[in-house]
Amino acid sequence: DWTPEAMADQLVEQVREQVGSARAICGLSGGVDSSVAAALVQRAIGDQLTCVFVDHGLLREGEAEQVEKDFVDATGVDLVVVDATDQFLNALAGATDPEEKRKIIGREFIRSFEKAARDIVGSQQDDEHPVKFLVQGTLYPDVVESGGGTGAANIKSHHNVGGLPDDLQFSLIEPLRTLFKDEVRQVGLELGVPEGIVWRQPFPGPGLGIRIIGEVTRDNLAILRRADAIAREELTAAGLDRDIWQCPVVLLANVRSVGVQGDGRTYGHPIVLRPVSSEDAMTADWTRLPYDVLARISGRITNEVSEVNRVTLDVTSKPPGTIEWE
Ligand code: XMP
């Protein structure tokens with residue numbers, strides 16, 4: 001019989017056995033998966049774990065704060081925050097191809113992560129308990145979709161599976177590798193991870209970087225961040241958060257269309273809303289959101305984000321469309 005309690009106990013025990021008295025570090029993204037993985041390893045080995053949160057500048061509004069405050073308050077983990085915005089945006093300059101962007105983000109993520117890990121190791125000088133392990137919140141569908149070990153086609157390079165260097169100095173701990181998202185959520189609740197994090201909709205590791213079609217610039221990020229915050233606010237206010245799996249908000253930075261506002265012509269960018277319903281992200285259907293909610297989101301985005309003059313709705317299932325646009 002599957003219960004979250006039994007599953008949590010079993011995973012905690014496995015991690016304890018695997019790690020022994022060594023130290024581990026964990027890359028936190030603020031998402032459900034890495035948060036639950038961290039909480040689980042924290043339960044298993046306590047202060048032998050240090051978490052590293054790399055702020056790549058591709059986060060949504062309020063996200064860094066949520067990790068720095070809520071998660072640490074709830075779990076008491078030892079957290080190191082790295083501000084790597086300049087590093088990521090410089091590396092992404094000029095890149096528009098989806099896989100190229102994903103690979104750049106994956107590479108820079110590992111780079112800044114390894115540097116943070118070296119700093120932690122350097123500051124510890126503890127030869128008896130070296131940092132030997134790297135914790136990742138990889139789920140079963142990530143393993144499948146990155147073609148990991150199954151021979152499946154590589155659909156997208158998920159940054160937490162595909163992008164590890166060959167000479168990685170750590171052994172991996174992936175305690176959630178056999179679980180689906182709903183199971184991870186239940187295990188997370190069991191471990192006392194705050195509901196605000198457990199019920200967060202999935203958000204991809206490469207963040208807003210793969211929700212800007214075109215170049216990832218500071219200006220484009222600022223536009224998308226505002227539009228995304230409005231959409232999330234209205235969906236939450238309408239009580240729809242648990243009805244939808246997630247709702248990517250995408251900026252078509254390389255498309256413009258003509259509009260009119262007041263007496264003036266505008267030539268702005270479209271925003272795409274991509275609300276989806278799903279069990280495990282392997283397949284998905286587009287969510288039939290109430291028209292009045294769509295109307296409020298559209299009205300507010302076009303009023304409050306001056307660079308956007310059109311809001312569109314993606315009505316494609318997966319397959320053939322993936323959930324994210326890149
Ligand atoms: P797609 O776009 O492949 O997305 O239908 C399936 C699910 O995975 C999320 N996603 C990612 N998550 N790193 C992640 O941690 C990634 O690189 C990544 N790419 C997509 C996506 O948000 C959806 O929930």
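How many C-beta neighbours inside 10 Å does Val 32 have, and does Val 32 count as buried or exposed? In this predicted model, the number of C-beta neighbours inside 10 Å is 23, so Val 32 counts as buried. The residue is part of helix α2. Beyond residues up to four places away in sequence, Val 32 touches Val 184, Arg 185 and Gly 188, together with Ile 197, Val 198, Arg 200 and Pro 202.

Val 32 also belongs to a stretch annotated in a public record. UniProt, in an unreviewed entry, places the feature "binding site" at Ser 29, Gly 30, Gly 31, Val 32, Asp 33, Ser 34 and Ser 35. Ser 34, another of these positions, is likewise found in helix α2. Ser 34 counts as buried because it has 25 C-beta neighbours inside 10 Å, the cut-off for that class being 20 or more. Its contacts, leaving aside neighbours within four places in sequence, are Cys 26, Gly 27, Leu 28, Ser 29 and Gly 137.

The next element to consider is the sheet over which helix α2 lies. Five strands form an open sheet in the order β3-β2-β1-β4-β5, and their pairing is parallel. The edges are formed by β3 (78–83) and β5 (171–173), each of which pairs on one side only. From one strand to the next, the twist averages 30 degrees. Strands of a sheet pair through backbone hydrogen bonds, in either a parallel or an antiparallel sense.

Strand β1 offers a good view of how this sheet is put together. On one side, β1 (residues 23–28) pairs with β4 (residues 131–135) in the parallel sense over four bridges. Within this pairing, Arg 23 stands opposite Val 131, and Ala 24 has Phe 133 as its bridge partner. β1 also pairs with β2, again in the parallel sense, over five bridges; here Cys 26 is partnered by Cys 51 of β2. Cys 26 is also one of the contacts of Ser 34, a link between this strand and helix α2. Five of the six residues of β1 are buried, so the strand is mostly covered.

Two helices can be placed against these strands. Helix α2 (residues 32–45) lies across β1, β2 (49–55), β4 and β5, and runs at about 160 degrees to β1. Helix α3 (residues 63–75) lies across β1, β2 and β3, with an angle of about 170 degrees to β3.

Further along the chain, another set of strands comes into view. Strands β6 (residues 212–213) and β7 (residues 249–252) run parallel and are joined by two bridges, with Ile 213 opposite Leu 252. β7 also pairs with β9 (residues 264–273), this time in the antiparallel sense and over three bridges. In this second pairing, Val 250 has Val 272 as its bridge partner.

Val 250 also serves as a reference point for Glu 326. The two residues are 76 residues apart along the chain, and their C-alpha atoms are separated by 9.8 Å. Glu 326 is found in the segment after β12 (308–313). It is partly exposed, because 19 other C-beta atoms lie within 10 Å, whereas a buried residue needs 20 or more. Apart from neighbours within four places in sequence, Glu 326 is in contact with Pro 98, Lys 101, Ile 210 and Ile 213.

The ligand is surrounded by 15 residues, of which Pro 204, Gly 205, Thr 322, Ile 323 and Glu 324 come nearest. By class, the shell contains five nonpolar, six polar and four charged residues.

Some backbone details are also worth a look. The peptide bond from Lys 318 to Pro 319 is cis, with omega near -15 degrees. The bond that follows, from Pro 319 to Pro 320, is cis too, with omega near 10 degrees. Pro 319 is placed in the segment after β12, as is Pro 320. Elsewhere, Ala 281 has a phi near 70 degrees, a positive value in a residue other than glycine. Ala 281 sits in the loop between β10 (276–277) and β11 (285–286), and it is buried because 20 other C-beta atoms lie within 10 Å.

Definitions and conventions:
Residues are numbered from 1 along each chain as its sequence is written. This is a predicted model: local features need pLDDT of at least 70, side-chain atom pairs count only at pLDDT 80 or more; totals for chains, interfaces and linings use all residues. A residue is near a molecule or strand if its C-beta atom, placed from the backbone, lies within 6 Å of it. Ala, Val, Leu, Ile, Met, Phe, Trp, Tyr, Cys and Pro count as nonpolar, Asp, Glu, Lys and Arg as charged, and the others, Gly among them, as polar. Two strands pair if DSSP finds at least two bridges between them. Axes are lines fitted to C-alpha atoms, for helices over the stretch in contact, and angles run from 0 to 180 degrees between N-to-C directions. Two residues are in contact if their C-beta atoms, placed from the backbone, lie within 7 Å. UniProt positions are given in the numbering used here, feature names are shortened, and annotations may be inferred rather than shown by experiment. A residue is buried if 20 or more other C-beta atoms lie within 10 Å of its own, exposed if 12 or fewer, and partly exposed in between; C-beta atoms are placed from the backbone.
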